[in-house]
Structures are given as structure tokens and as C-alpha cells.
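Opening a fresh page for this one. I want to go through the helices, their contacts and a few odd spots, and jot down what turns up.

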Amino acid sequence: DPSLSVHHGLVMQAVMQIFNALGLRCVPFLKRIVPHILKTVSSCNQTHLREALLQQVASLSEIVKDHLRPYVSSIFAVVEEFWNTRHLATVILLVEKMAAGVP
């Protein structure tokens, strides 16, 4: 919901803290979280929020590693979407983390 966009950053921080604490036990929740994160990255109008979300996806790939495999095409669609933007450094970081975690 766009009217709640002011809360997206805080919600994502909370989700990442929970996922960090759970480690691989968070894998069952990926199907409910990852599509929404990627949709928010693509649709949000806040540059700083998009940057933070891209960083969080990179961090998530370190936690769950190859369990992100079902989302690789969606993640790389986002990478392609923001490749030629001011987010390039973060996008490259995401690609590096994905390459290491999802061989």
C-alpha cells in the first residue's frame, strides 16, 4: 500500500533482524517476503528506501544462500531495471552476494 510507504524501511529492518536471528529457519517465510520486497524496490519512489531494500536483499542472500534460487530471475529483473541508475554500486554488491550465495 503506497500510503504506508513511510513504514517500509522500518518493517524491512525488523524483518532482516528476525531473519538474521533465525538464520536458515527463516527459509519457509521467503515465499511471503521476497516477492513483496522486490515489488517494493521496483515501485517505490524513495531513492533511499530503494537503496536500503537492495542492500537488504544482498544481506538476505548471505543468510539463506541457495534458498533464494527460486527468486533469481525476479532478483535479476530488478538488477537489470536499476543497472543504469544511481543504484549501480548497490546493484553490483547484490550481484556479488548472489554469486557467492546462490552458485
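**V72 and what it touches**

I began with V72, which lies in helix α4. Note to self: this is a predicted model. Is V72 buried, exposed or in between? I got 24% relative accessibility, so V72 counts as partly exposed, the cut-off for buried being under 20%.

Next I asked which residues V72 contacts once its neighbours within four places in sequence are left aside. M98 and V102 came up. I also checked the C-alpha separation of V72 and V102: it is 8.4 Å, for two residues 30 apart along the chain.

**Helix α5**

M98 took me to α5, since M98 is one of the buried residues of that helix. I checked the length of α5 before anything else. It covers residues 88-101, and 14 residues at 1.5 Å each should span 20 Å; I found the end C-alpha atoms 20 Å apart, so that agrees.

Then I listed the buried residues of α5: T90, V91, L94, M98 and G101. Looking down the axis of α5, I see these buried residues within an arc of 100°, so they line one face of the helix. On the other side of α5 I have A89, E96, A99 and A100 as exposed. What covers the buried residues of α5? The cover includes α3 (47-64) and α4 (72-81).

**The salt bridge**

I searched the whole structure for salt bridges and got one. It joins the side chains of K97 and E62, at 2.8 Å from N to O. K97 lies in helix α5 and E62 in helix α3, so the pair ties together parts that are 35 residues apart in sequence. As a reminder, side chains of opposite charge can pair when their charged atoms come close.

I looked up how open the two partners are. K97 is partly exposed, with a relative accessible area of 23%. E62 is partly exposed too, at 41%.

**Helix α2**

I gave α2 the same treatment. It takes in residues 30-43, 14 residues in total, and reaches 20 Å from its first C-alpha to its last, close to the 20 Å expected at 1.5 Å a residue.

Which residues of α2 are buried? I noted L30, V34, I37, L38, T40 and V41. Down the axis of α2 the buried residues fall within an arc of 160°, so they line one face of this helix. The exposed residues on the other side of α2 are K31, R32, H36 and K39. For the cover over the buried residues of α2, my list includes α1 (8-22), α3 and α4.

**Two loop residues**

I looked for nonpolar surface patches and wrote down one of about 240 Å², made by W83, L88 and I92. W83 sits in the loop between α4 and α5. I have W83 as partly exposed, with a relative accessible area of 38%.

Last lookup: backbone angles. K65 has a phi near 50°, a positive value in a residue other than glycine. That made me stop, because most residues other than glycine have a negative phi. K65 is in the loop between α3 and α4, and is partly exposed, with a relative accessible area of 43%.

Notes:
Residues numbered from 1 in each chain as written. Predicted model: local features only at pLDDT ≥ 70, side-chain atom pairs only at ≥ 80, totals over all residues. Heavy atoms only, no water. Helix = DSSP H or I, 4+ residues; strand = E, 2+ residues; numbered from the N terminus. Expected span 1.5 Å × (residues − 1). Buried < 20%, exposed > 50% of the residue type's maximum accessible area, 1.4 Å probe, protein only. Arc of directions from axis to C-beta. Contact = heavy atoms within 4.5 Å. Patch = residues over 30% accessible without salt bridge, like charges linked within 9 Å, V, L, I, M, F, W, Y side chains within 5 Å. Areas by Shrake-Rupley, 256 points an atom, 1.4 Å probe, with all protein chains shown as cover. Salt bridge = Lys/Arg side-chain N within 4 Å of Asp/Glu carboxyl O.
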